[in-house]
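Me: I would like a close look at one part of this model, with the surroundings described carefully enough for me to follow them at the bench.

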Amino acid sequence: MSHHTSIQPADVSVAGLLRTDDLQQLIDALIAAGYDVIGPKIDQCAIVYDQITSVNQLPRGWTDLQEPGRYRLQQSDDSKYFGFAVGPHSWKKYLFPPQSIVSTATRTENGWQFSTDAPPAPRLAFLGVRACELAAIEIQDRVFLHGPWVDPIYKSRRDAVLIVAVNCTSAASTCFCSSTNTGPRCRSGFDLALTEIAGGFVIETGSESGRAIAARLPLESVTEHHHAEASSARAQAEAMMTRKLRTDDLHDLLLGNLKHPHWDDVATRCLSCTNCTMVCPTCFCSTVTDVSDLTNDHVQRERKWDSCFNIDFSYMNGSPVRNSIASRYRQWLTHKLASWQDQFGTLGCVGCGRCITWCPPGIDLTEEVVKLRDAVHANSEDPS
Amino acid sequence: MITPFPSSHPHNPWLAHSVRIQRVTQETPGVATYDMAFDDASVAESFQFLPGQFNMIYLPGVGEVAISISGDPGQRGVVPHTIREAGNVTKTLARLPLNSSIALRGPFGSSWPVESCVGKDVVIVAGGIGLAPLRPAILHLLKHRSELDELTLIVGARDSSLLLYPERYDDWRAKGMNVLVTVDRADESWHGCIGMVTAVLDRLWLRDASKTVVMTCGPEVMMWYTVQTAIRRGIPSAQCFLSLERNMNCAIGLCGHCQFGPEFLCKDGPVFCFDRVASRMKVEDL
Amino acid sequence: MAVNDLKKRPRLAVFKFASCDGCQLSLLDCEDELLTVAGLVDIAMFPEASSRMEAGPYDIALVEGSITTPHDAQRIQDVRKQATTIVTIGACATAGGIQSLRNWASHEDYLRCVYAKPEYISSLATSTAIADHVRVDYELRGCPVNRHQLLSALTDLVHGRKPRLPAHSVCLDCKRRGTVCVEVAQGIPCLGPVTHAGCGAICPAFDRGCYGCFGPAAQCNCNSLVTTLQSAGTTNDQLLPLLRNFNGAAPEFQAAVQFMNEQS
């Protein structure tokens with residue numbers, strides 16, 4: 001059975017307390033188990049995901065200030081290892097890489113020879129996966145693994161990943177995972193989960209692989225006091241979350257108002273720059289193109305991240321089908337929040353807020369939904 | 001009972017099969033039918049498709065393009081595709097000599113509902129090159145002609161030089177299909193019907209509208225008005241089927257290009273029941 | 001495809017108008033691939049590279065530089081008559097280049113400042129794109145052009161294909177290479193969201209804002225970017241040199257400057 005399907009909520013149990021000073025032992029245990037550890041670190045004035053080998057690379061004592069169109073790092077008044085929300089990167093860059101080769105072609109005397117052989121997927125341990133990101137991975141699993149066709153690249157990478165989740169103990173102003181029911185508590189989909197409290201981490205395991213790693217750690221028993229502290233730390237994240245998205249009416253509200261003038265209003269602000277789709281942990285659009293040498297004897301089919309905001313994306317018979325910013329924004333929002341439900345049985349949004357923070361003009365989808373809803377309701381109540 | 005062939009799924013959906021251009025038949029200006037033969041005998045043996053499905057035709061170094069299969073689903077070994085020169089792939093293809101090595105992935109997508117035609121009347125409405133994706137359904141239905149009642153094909157084109165497969169119409173008539181041909185513009189040499197396919201459908205004698213199945217392929221606006229006409233004639237919209245087109249890149253529902261509202265045209269389509277897509281067909285830039 | 005065996009190699013000519021020669025040099029800069037290119041085409045005219053100058057007609061003309069003199073305005077008409085396919089290369093040819101700064105200044109003043117005897121100079125008051133004068137088949141953007149894009153476009157043309165020239169924003173390429181948005185994370189003014197792809201998103205990867213050297217992206221929303229940057233604290237004095245740069249005369253960037261001025 002593949003790794004990710006073996007993780008069930010029923011498996012989740014508390015394994016013990018890892019003292020703060022022993023966090024390096026977790027990283028060492030992961031490396032000893034054959035994983036490259038990917039975790040948060042500070043680069044390019046942001047907290048990004050990259051390979052780490054030491055706790056000293058973690059952004060300890062740093063937090064992020066996020067608001068629509070703005071992200072700033074700031075030193076916090078505590079020394080938490082994970083006292084920040086999600087940054088510009090998401091784990092999809094490892095599972096669904098921005099660039100990959102899906103097949104190759106070689107010209108021979110007997111015509112073209114094709115191959116889909118790929119190098120073995122790297123064994124990666126993701127350290128610091130938040131609840132919204134677990135949900136995003138679960139959504140991309142539905143897209144790439146559970147449809148009529150399985151994507152071989154995603155599958156091989158997904159099967160080779162071990163997930164160490166971290167429960168959020170604070171929230172950014174752009175977070176709204178409570179509304180999408182995807183957080184802040186990590187409930188399933190991880191091998192290990194940490195909750196950071198004063199003096200250590202309460203560790204839960206969610207799979208056999210997770211229990212095997214936990215068994216190598218110098219865990220102490222978790223007291224009532226630790227439990228209470230962990231629970232209150234997690235509650236703090238929930239309490240800090242102010243942004244809301246009403247989801248019950250989204251499907252019909254959006255798909256029932258495809259011709260609403262509000263799409264033109266958003267289009268005056270939207271840059272159609274693709275940033276929201278690129279930072280989104282669930283967006284999965286891509287384009288495959290041929291890359292060949294000048295003699296055209298060796299050809300690679302290269303898949304790259306693409307976006308419904310790219311004007312070329314819907315190109316057909318000489319012109320783009322979605323030939324305006326309004327139609328492209330409408331495609332994105334209606335897909336993410338409405339037609340995604342028809343396609344995959346879930347919202348395409350996990351409430352991580354990345355699209356709000358990383359949109360240069362700061363377009364906030366939660367706000368756009370409210371504006372559309374209000375405009376639709378005002379119109380239906382207006383007797384004229 | 002009509003039992004269409006099941007589609008065959010290759011293990012890795014990105015793996016292309018090498019094929020040779022075995023024969024090229026010029027159809028209309030800029031349109032030709034390419035018979036493609038698999039290099040690998042075992043692939044040739046196992047390759048099966050349903051009427052209405054498509055392949056991704058691949059020219060290494062140039063790219064891929066989604067093309068409906070236009071051959072007989074019962075025929076093995078050779079897969080015909082009727083292709084109009086439009087972009088880089090199709091223009092390059094048109095310049096390749098016979099026996100050139102190219103490739104394809106497939107078959108992909110949904111199919112015409114030929115199974116549900118048993119005991120019914122069938123009206124097929126094609127515009128221009130839209131006849132190509134319908135041809136496998138026509139050939140299949142003609143082979144099972146006795147299981148249907150009325151079988152009619154309405155073919156339209158801008159002018160008579162753009163009619164697809166005109167040399168086959170008499171053979172199809174002989175096998176029991178009523179073939180009605182109409183053109184938008186005619187010169188002195190044309191002695192047939194002039195006007196839209198919808199006008200022909202409007203006047204068509206229907207034995208029992210409630211038991212009639214409509215399959216249409218052509219420009220989107222033509223298909224829309226064809227179905228509107230069918231509905232006006234009393235044919236249930238649930239029995240009207242059409243084949244839609246969008247930019248297709250992966251053909252396996254993973255790249256996002258071909259979305260039409262909640263549908264991925266490559267895996268949910270290209271053939272749809274009208275009811276499933278009707279509301280979205282009138283939304284601009286969707 | 002063995003196109004070379006089937007027909008004669010296409011005749012290539014390179015023409016220079018008002019420019020720094022940097023884009024032509026990109027072709028010479030191809031080094032490893034240059035010999036292969038030379039095998040694909042018959043270089044009939046390339047003054048920068050060879051003294052061999054053959055008369056037209058040409059299958060492919062690469063045109064560098066902008067139109068700044070009455071003589072050049074005439075010469076480009078001749079090039080058009082001689083060439084089956086014209087590909088303009090670089091910001092000068094596609095938008096007028098940095099020299100279009102004269103479009104918003106007094107041409108006469110400039111001449112008097114620079115030349116001892118301005119009366120000997122015959123030049124136009126504006127620097128304009130090649131497409132303002134003749135029909136252009138394809139545009140390769142950039143200051144300078146990206147040599148990989150130039151090679152791939154040439155290869156496509158030689159094989160009778162339409163060059164693939166993506167028109168999306170620089171942001172898409174930033175994200176593909178993992179670059180964190182410099183505007184959002186650092187407040188650095190960046191034209192990436194409205195700038196045409198092709199450079200590979202180099203500047204933001206080095207903590208620099210994009211200065212739009214590939215010109216406007218397709219359907220770019222410059223007004224919204226101007227508003228965004230202004231409200232993030234970018235002054236018009238900082239914005240103006242960004243917008244009136246190598247592609248300042250591109251209509252979208254000109255309109256952006258007008259919009260910017262109306263906002264203050």
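Where in chain B is the place of B:Pro107?

Reply: B:Pro107 has its place in strand E6 of chain B, residues 101-108, where strands (E, at least two residues) and helices (H or I, at least four) are DSSP runs numbered from the N terminus. The model is a predicted one, in which local features need pLDDT of at least 70 and side-chain atom pairs count only at pLDDT 80 or more, while totals for chains, interfaces and linings use all residues. Residues are numbered from 1 along each chain as its sequence is written, and chains are lettered from A and ligands numbered from 1 in the order in which they are written.

The peptide bond that joins B:Gly106 to B:Pro107 is cis, with omega about 0°. A cis peptide bond also joins B:Gly269 and B:Pro270, with omega about 10°, and B:Pro270 sits in the loop between strand E14 (263-264) and strand E15 (271-273) of chain B.

As for the wider setting, chain B is divided into domain 1 (17-108) and domain 2 (114-243), bounds that come from an automatic or database domain assignment. The C-alpha centres of these two domains of chain B lie 25 Å apart. Their contact takes 15 residues from domain 1 of chain B and 15 residues from domain 2 of chain B, two residues being in contact if their C-beta atoms, placed from the backbone, lie within 7 Å. On the side of domain 1 of chain B that touches domain 2 of chain B, the elements that give two or more residues are strand E1 (17-28) and strand E5 (78-84) of chain B. That side of domain 1 of chain B has five nonpolar, seven polar and three charged residues, where Ala, Val, Leu, Ile, Met, Phe, Trp, Tyr, Cys and Pro count as nonpolar, Asp, Glu, Lys and Arg as charged, and the others, Gly among them, as polar.

Chain B also meets a neighbouring chain: 32 residues of chain B are in contact with 42 residues of chain A. Several elements of chain A each supply at least two residues of the side that touches chain B, including helix H3 (131-145), strand E12 (286-292) and helix H11 (325-344). Strand E12 of chain A gives the most to that side, with six residues, and by class the side of chain A that touches chain B has 19 nonpolar, 17 polar and six charged residues.
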